[in-house]
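Dear colleague,

Please find below the structure that I am handing over to you, together with its sequence. My notes on it follow.

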Amino acid sequence: MRLNKYIALAGVASRRKADELTLDGKVKINGAVMDQPGYDVQDGDVVEVNGRVIKATTGNYVYIMLNKPRGYITTVEDEKDRPTVMDLVADVEARIFPVGRLDGDTSGLLIMTNDGELAYRLTHPKHEIYKTYRARVAGYLADRRLERLREGVDIGGFVTSKASVEVLKQGERSAIVEIKIKEGKNRQVRKMFDAIGNKVLELERIAVGNLYLGRLKEGHYRKLTPKEIDYLKNC
Ligand code: URA
C-alpha cells in the first residue's frame, strides 16, 4: 500500500499532508527515514510518524455511537486510571477509538470507530460538521448575551464562529439551551457560556451533524446504520 494511503488510514493526516510529512523527513520505515512518498509499505514494515509508531486499519471497519455518561474520560488510555470510554465498549472486538472528545463532565453522543481516515476528516478543523449540545446554564439568558453567543465570543485567544442558540426554557435560576457549533475547541461550550457570564451546570451532546442520540441510554452504545455511515463519509 502506498505510504500516504497507509498514513491516512492510520488517521494521522490526509494523504496530501502525509506526502508533506514524508518529504520533510518526519516518516521512518523500520527505523530509517523514508522521504519517498511513493514507497510501497510492505507487510511487517514498522511505520513511524513524528516518532510514533502508527498502524493503518484496513478492511472491517466498525462504527458505533456511544452515549457517554459524565465521569468517563474520552481517551484510549488514562494515565491516572480513571474510567474511560473504552470501558464502555470493552466487548467490541475491533480496536476502536473515539472520534473527537467530550470532556469528563459532559455526557452524550460520541462516535467511535477504527476507520482512521474518517476520524481524521471529521475532526479536522476545516471540516465543518455541526455538533448540537443541550445545556443547563445558571441565571437568566438576556437577549443581548444570546446575540453575543450567536455572533462569536472570545474564549481566550480564540473567537468562536457563528453559532445557533435557542433557549428552550427559562426558569427562575437556570435555563435550558440548545446550541450548535462547528468547532471543537477544548471545553468550548462551557467557555462560551463563561464568556457571557452564565455558567454551564450540565452539558450533553445530542447530535453530531444529522446523527442524533435519540433514545440510546447513557452508558450504552449501538452500531451506526449503513445510511448513517454513508452520511458521515459524505457530509
Ligand atoms: N464543549 C464543552 O464544553 N465540552 C465538551 O465536551 C464539548 C464541547
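**Ligand surroundings**

A backbone N or O atom of Arg190 lies 3.1 Å from an oxygen atom of the ligand. Please bear in mind that this is a predicted model. Two further backbone approaches to the ligand were found. A polar backbone atom of Val189 is 3.0 Å from a nitrogen atom of the ligand, and a polar backbone atom of Arg187 is 3.3 Å from a ligand oxygen atom. The residues that surround the ligand are Leu102, Asp103, Thr106, Tyr133, Arg187, Gln188, Val189, Arg190 and Leu203.

**Helix α6**

Gln188, Val189 and Arg190, which are among the residues around the ligand, also belong to helix α6, residues 188-196. These three are buried, as are Met192, Phe193 and Ile196 of the helix. Against which elements do the buried residues of α6 pack? Their partners are the strands β8 (131-138), β10 (174-181) and β11 (200-208), together with helix α5 (143-151). Just after α6 comes Gly197, with a positive phi of about 90°.

**Glu183**

The loop between β10 and α6 holds Glu183. This residue is buried but has no salt bridge. The nearest side chain of opposite charge is that of Lys182, at 7.4 Å. Polar partners of Glu183 were nevertheless found. A polar atom of the Glu183 side chain lies 2.8 Å from the backbone nitrogen of Ser161, and the side chain of Glu183 makes a polar contact of 2.9 Å with the side chain of Gln188. Gln188 thus appears in two settings, as a partner of Glu183 and as one of the residues around the ligand. Apart from neighbours within four places in sequence, the residues in contact with Glu183 are Lys131, Phe158, Val159, Thr160, Ser161 and Gln188.

**Helix α2**

Which residues of α2 are buried? In this helix, residues 15-23, they are Ala18, Asp19, Leu21 and Thr22. Viewed down the axis of α2, these buried residues fall within an arc of 160°, so they line one face of the helix. Arg16 and Leu23, on the other side of α2, are exposed. The buried residues of α2 pack against helix α1 (3-9) and the strands β1 (27-29) and β3 (47-49). Gly25 follows α2 and has a positive phi, near 80°.

**Asp78**

A further acidic residue, Asp78, is placed in the loop between β5 (63-68) and α3 (85-88). Is Asp78 buried or exposed? Its relative accessibility is 11%, and because the limit for a buried residue is under 20%, Asp78 counts as buried. With neighbours within four places in sequence left aside, Asp78 is in contact with Ile73 and Thr84.

**The chain as a whole**

The chain has 7 helices and 13 strands. Of its 235 residues, 44% are buried. Among the contacts in the chain with a separation of 6 or more, 63% are between residues 24 or more positions apart. Taken along the principal axes, the box filled by the C-alpha atoms is roughly 65 × 40 × 40 Å.

With kind regards

Terms used
Residues numbered from 1 in each chain as written. Predicted model: local features only at pLDDT ≥ 70, side-chain atom pairs only at ≥ 80, totals over all residues. Heavy atoms only, no water. Buried < 20%, exposed > 50% of the residue type's maximum accessible area, 1.4 Å probe, protein only. Helix = DSSP H or I, 4+ residues; strand = E, 2+ residues; numbered from the N terminus. Contact = heavy atoms within 4.5 Å. Arc of directions from axis to C-beta. Lys, Arg positive; Asp, Glu negative; His and termini not counted. Salt bridge = Lys/Arg side-chain N within 4 Å of Asp/Glu carboxyl O. Polar contact = N/O pair within 3.5 Å; in protein donor to acceptor, adjacent residues only side chain to side chain. Near = heavy atom within 4 Å.
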